[in-house]
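Q: Please take a close look at the aromatic side chains in this structure and at how they are placed relative to one another.

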Amino acid sequence: MNIYVLVKRTFDTEEKIVVSGGKIQEDGAEFIINPYDEYAIEEAIQKRDALGGKVTVVTIGGEDAEKQLRTALAMGADEAVLINTEDDLDELDQYSSAYILAEYLKDKEVDLILAGNVAIDGGSGQVGPRLADLLGINYVTTITSLEIDGTNVKIVRDIEGDSEVLETTLPLLVTAQQGLNEPRYPSLPGIMKAKKKPLEELELDDLDIDEDDVEVKVETVEIYLPPQKAAGRVLDGELQAQVKELVNLLHTEAKVI
Amino acid sequence: MSKKVLVLGEVREGSLRNVSFEAIAAAKQIADGGEIVGVLIGDAVAGVANELVAYGADRVVTVEHPHLKSYTSDGYSQAFMAVVGEESPEAIVFGHTALGKDLSPKIASKLQSGLVSDVTEIEGAGDSALFIRPIYSGKAFEKVKVKDGIVFVTIRPNNIAPLTKDESRSGGVSSLAVDITNLRTIIKEVVRKSAEGVDLSEAKVVVAGGRGVKSEEGFEPLKELANVLGGAVGASRGACDAEYCDYSLQIGQTGKVVTPDLYIAAGISGAIQHLAGMSNSKVIVAINKDPEANIFKVADYGIVGDLFEVVPMLIEEFKALKANA
């Protein structure tokens, strides 16, 4: 099994977002592997351990993303690839990200590609399915169970709370939903080993990509924080009276009931 | 410049989903006077075509085929791309639903277009339209402009108001014959787990429980309250991790992001990750024993008290209100 995992470096979920000069401030923020990508990495490792093969984690980003790739290697991935666009591109969108990944993967012998179903920063969930389309392979999103038998694949996926059971075949791209597995923490020996595992760095030139090929289709023109909510009302008095008042307020003041 | 817009109508269990009417309203703004063409895909969907017209579509194209009974990205993309080939639209709107999220990137890839996902608001119209969408699960928002190619957006349910239904509107309904072949995915079954058919992301009312619910049984009063209000039940990560409920109910930065009219948080402390998933709800009610709980900072109304006392009282009061209405 030749398995690839798409990972993204994202803000830690604990972080408050600060906007200044029209940009999200990154100084001092903690970064993590996108949580949904952790499920993808874990599943890739389990499938390799059961079926043999190799797990390669791939990311697009800058030099900083090396830390998240090392973490994935420490979890148990075999190799890592950083497609460094820092010097070449000011902006990326889902179109350009998928294009770059497809150029990297198009002549690889791919059996299975895993990714998170969405990144918790941009939240578009597009790159996986776009990539599968560019590679001409099938994809299944938001999966919660994956069974592979030869080239036959049985999947359970989450569709808005219901479960869909389906069958398909390799080669395949899947995106992970919460509940797929319990991602492991890197062990100390794992962290030691990860330092020696191969981490390849590529630039657009190495993939024969011209900057014009990856010009973005959509552009962010403004970033802002949601308006601060005015302080709410904590009711007081006897509990039963509070409940009556609340229902009354929801009915007559807020008009939502 | 006005634009011709395709809107995918989503049919579930024989009925159009509300988000499809919201998508028509979004399309109206993008069209800026241009034509709005509803698209229906399935094995027998023509019956709801007139409803799309009543909500603002100028006409409807249906693609019906036995292989389109269940959604697959292969089948639906073949059908939708055939309509695109016939109609040459300048814009496309889908709902940001499980189906819309799965299908839209594939269509965008085939069209080599951008795709603005999960739009909650549209500013301006036609060529100058700007699309507002949450990032970092609602901790911030971005305004996005389409630079090049087809304007393709998915809209988040419950955020863009549908146009007023007008049964007297009329529009043509035509069918397009498409050969649907080579489906690489076979759907075996769908196991319904969501309660009483109210989908969390589309619910007008969400009643969510946290660690304070204490057990799987503890969710029962919340379910009853949701039922009385015609809403859906959600949960914090804490409640899911403690196995009081299924992960499919989780609301937060990991999990679902919801924006109902009314969000009732019971026994939820209000971790920043949870707030990201619900703080843009229109009205938030917090019920918590701890007066210092973070959830009160985003709540419009708060009751400091034991949810197992408060929720049953709420159920009775809402029942009384409904009975008198």
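Is Phe141(B) buried or exposed, by its relative accessibility?

A: In this predicted model, Phe141(B) counts as buried, since its relative accessibility is 11%, which falls under the 20% limit for that class. Across all chains the structure holds ten aromatic pairs. In one of them, the ring centres of Phe11(A) and Tyr136(B) are 5.4 Å apart with the planes at 70°, so this pair is edge-to-face. The pair joins two chains, because Phe11(A) belongs to strand E2 (residues 9-11) of chain A, while Tyr136(B) lies in the loop between strand E9 (130-135) and strand E10 (140-146) of chain B. Phe11(A) counts as buried at 4% relative accessibility, and Tyr136(B) is likewise classed as buried at 12%.

Phe141(B) itself takes part in a pair with Tyr224(A), whose ring centre lies 5.9 Å from that of Phe141(B), and with the planes at 20° the pair is stacked. Here Tyr224(A) sits in strand E14 (residues 218-224) of chain A and Phe141(B) in strand E10 of chain B, so this pair also joins two chains. Whereas Phe141(B) is buried, Tyr224(A) is partly exposed, with a relative accessible area of 23%.

Returning to the edge-to-face pair, Phe11(A) and Tyr136(B) form one aromatic cluster together with Phe31(A). The ring of Phe31(A) also has a charge placed over it, namely the charged end of Arg9(A), 3.6 Å from the ring centre. A further case is found in chain A, where the charged end of Lys108(A) sits over the ring of Tyr104(A), 4.2 Å from its centre.

Note on methods: Residues numbered from 1 in each chain as written. Chains lettered and ligands numbered in written order. Predicted model: local features only at pLDDT ≥ 70, side-chain atom pairs only at ≥ 80, totals over all residues. Heavy atoms only, no water. Phe/Tyr/Trp six-rings, centres within 6.5 Å; stacked < 30°, edge-to-face > 60°. Helix = DSSP H or I, 4+ residues; strand = E, 2+ residues; numbered from the N terminus. Buried < 20%, exposed > 50% of the residue type's maximum accessible area, 1.4 Å probe, protein only. Lys NZ or Arg CZ within 6 Å of the ring centre and 35° of its normal.
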